[in-house]
Each structure stands twice: as C-alpha cells, then as structure tokens.
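Let's work through a few exercises together. Keep the sequence and the 3D view open, and try each task before you read its solution.

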Amino acid sequence: IYVEKMKAVFMESDKQCEELRTRNQILGVQVTDLQEQLERLREAEGQHANTVSAKAKEWESRLSSKQAEIADCHNRIVLLEEQLNVAQLDSDRALMIRMKKCNLTPSPFPREAIARSGGSD
C-alpha cells in the first residue's frame, strides 16, 4: 500500500511537472511574441520621430524664410515712408517758393495760403 501511494504521488507530481512545463513553454512563446511586438513598436516610433523631426526642420526653414521676407518688407516700408516724407517736404518747399513769388506771407497752414492766392484745393 505504501508503494502504491508513492507511485500515485509520483505520477501526480509528474503530471503537475508536465503541466508546468507546458505552461512554461506557452508563456515563453508569449514573452517572445511580446518582445517582438515591442521591438516593432519601437521601430515604428523611431520612424514617426524621424518624420516629425524632418517636418519640424522643414517648417523651421519656412519660418526663417518668411521672417526674412517680413524683415525685407519692413525695410521697404521704412524706405517708402522716408521717400514720402521727402516728397512732402519737396511739395511744401515748392509751395513756399510759389508763395514768395506771389508775395504772400507764409501761413502755418499751406492750404489756407493757396486759398488766399486763388489756388484750388
């Protein structure tokens, strides 16, 4: 009876060991599969990061180009404002010369002087 009990215990332990081995193999396959999935995700993440980085560089380049264009436009505006001021001064100077020719006293308001001299607005 003792031997029979021992055989039954050994058979039960062999059965449990076999079940554990099978389960261990299944889990090993699952771990390998998860490791492969993780590696694929890392590769995809790297590709996405490279794509984002390339787009960021592209937009930085566009931004830099636009900033240069804005600076150029600003410089042109300043130049045109200066030219407008010079033209206004030239116009005022020409008006003063005409007024002197007509023996009119200069007015602080050039339009009033023109109106007094018979000119039109």
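**Exercise 1. What span should the 100 residues of helix 1 have at 1.5 Å a residue, and how far apart are its end C-alpha atoms?**

Before you start, note that this is a predicted model, in which local features need pLDDT of at least 70, side-chain atom pairs count only at pLDDT 80 or more, and totals for chains, interfaces and linings use all residues. Residues are numbered from 1 along each chain as its sequence is written, and side-chain values use heavy atoms, with hydrogens and water left out.

Step 1. Recall the rule: the expected span is 1.5 Å times one less than the number of residues.
Step 2. For helix 1 this gives 148 Å.
Step 3. Compare this with the end C-alpha atoms, which are 144 Å apart, so the two values agree.

**Exercise 2. How many helices and how many strands does the protein have?**

Step 1. Use the DSSP runs, numbered from the N terminus: helices are H or I with at least four residues, and strands are E with at least two.
Step 2. Count them: there are two helices and zero strands.
Step 3. Look just past helix 1, where N103 follows with a positive phi, near 55 degrees.

**Exercise 3. What percentage of the 121 residues is buried?**

Step 1. Set the classes by relative accessible area: buried is under 20%, exposed is over 50%, and partly exposed lies in between (1.4 Å probe, protein chains only).
Step 2. Apply them: buried residues make up 3% of the protein.
Step 3. Turn to the accessible surface (Shrake-Rupley method, 1.4 Å probe), where for residues only the protein chains shown count as cover. The protein's total is about 11100 Å², and 59% of that belongs to carbon and sulfur atoms.

**Exercise 4. Which residues make the nonpolar surface patch of about 440 Å²?**

Step 1. Pick residues with over 30% relative accessible area and no salt bridge; nonpolar side chains (Val, Leu, Ile, Met, Phe, Trp, Tyr) are joined within 5 Å, and like charges within 9 Å.
Step 2. The members are Y2, V3, M6 and F10.
Step 3. Check one of them: Y2 belongs to helix 1, residues 2-101, and is exposed at 62% relative accessible area.

**Exercise 5. Which residue forms a salt bridge with R93?**

Step 1. Search for a side-chain nitrogen of Lys or Arg within 4 Å of a carboxyl oxygen of Asp or Glu. By this rule there are six salt bridges.
Step 2. The partner is D90, with 2.9 Å from N to O.
Step 3. Place the pair: R93 and D90 are three residues apart in helix 1, about one turn. R93 is partly exposed at 48%, and D90 is partly exposed at 38%.
Step 4. Follow shared partners: salt bridges join K55, E58 and R62 into one network.

**Exercise 6. Why can R62 and E58 be described as about one helical turn apart?**

Step 1. Count along helix 1: R62 and E58 are four residues apart, which means about one turn separates them.
Step 2. An α-helix has 3.6 residues a turn, so residues three or four places apart point the same way.
Step 3. Check the contact: the closest N and O atoms of R62 and E58 are 3.0 Å apart, forming a salt bridge.
Step 4. Look at R62 once more: R62 lies over the face of W59, at 4.6 Å from the ring centre. The rule here asks for NZ of Lys or CZ of Arg within 6 Å of the ring centre and within 35 degrees of the ring normal.
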